[in-house]
Amino acid sequence: QKVYLDSALSLRSLAEQLDLGPNKLSWLINEHLGQNFNEYINSFRLETFKKKALDPSNSHITLLGLAYESGFNSKSVFNDFFKKSTGMTPRAWVKSKEIESK
């Protein structure tokens, strides 16, 4: 299941789906992955965004629209996480991939 596509996903709701306590789930993510819940979920959303952004069939959708489709629920959270993860803005990243593919 791609639960990360749900923009309303929370630590509590995911813990319930996994039949775990939220504290236990938070501890597992922190201890075993070295990330907090939001970083963990947003990393899946980021990879989904990247695939969608490079798919020519999505060229009619704005980058922000693709971010929302990927589970992000805020422009600022998306932009901040993207920049922190890649060192680039989403638009610069897409342009760099277009140049690479030529």
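## How α3 begins

Let's start at the N-terminal end of α3, where asparagine 36 acts as the cap: one of its side-chain oxygens sits 3.0 Å from the backbone nitrogen of asparagine 38. Keep in mind that this is a predicted model.

From there, helix α3 runs over residues 37-54. With 18 residues at 1.5 Å a residue, the helix should span 26 Å, and its end C-alpha atoms are indeed 26 Å apart, so the two agree.

## What α3 packs against

Which residues of α3 are buried? They are Phe37, Ile41, Asn42, Arg45, Leu46, Thr48, Phe49, Lys50 and Ala53. These buried residues pack against α1 (11-17), α2 (22-33), α4 (63-69), α5 (75-86) and α6 (90-100).

## The two sides of α6

Over on α6, the buried residues are Pro90, Trp93 and Val94. They take up an arc of only 100° around the axis, which means they lie on the same side of α6. Their cover includes α3, α4 and α5.

Turn to the face pointing away from that buried side and you meet the exposed residues Arg91 and Ile99.

## Nonpolar cores

In soluble globular proteins, nonpolar side chains tend to be buried together. Here, the largest nonpolar core has 12 residues, including Leu46, Phe49, Ala67, Phe78, Trp93 and Val94. Two or more of its residues come from each of α3, α4, α5 and α6. Another core, of eight residues, lies apart from it, with Leu14, Ala15, Ile29 and Ile41 among them.

What does alanine 67 touch, leaving aside its neighbours within four places in sequence? Its contacts are Phe49, Phe72 and Phe78.

How values were computed
Residues are numbered from 1 along each chain as its sequence is written. This is a predicted model: local features need pLDDT of at least 70, side-chain atom pairs count only at pLDDT 80 or more; totals for chains, interfaces and linings use all residues. Side-chain values use heavy atoms; hydrogens and water are left out. Helices (H or I, at least four residues) and strands (E, at least two) are DSSP runs, numbered from the N terminus. The expected span of a helix is 1.5 Å times one less than its number of residues. Buried means under 20% relative accessible area, exposed over 50%, partly exposed in between (1.4 Å probe, protein chains only). Contact means heavy atoms within 4.5 Å. A polar contact is a pair of N or O atoms within 3.5 Å; within protein, one must be able to donate a hydrogen and the other to accept it, and residues adjacent in sequence count only if both atoms are side-chain atoms. The arc is that of the directions from the helix axis to the C-beta atoms. A nonpolar core is a set of buried Ala, Val, Leu, Ile, Met, Phe, Trp, Tyr and Cys residues joined through side-chain atoms within 4.5 Å.
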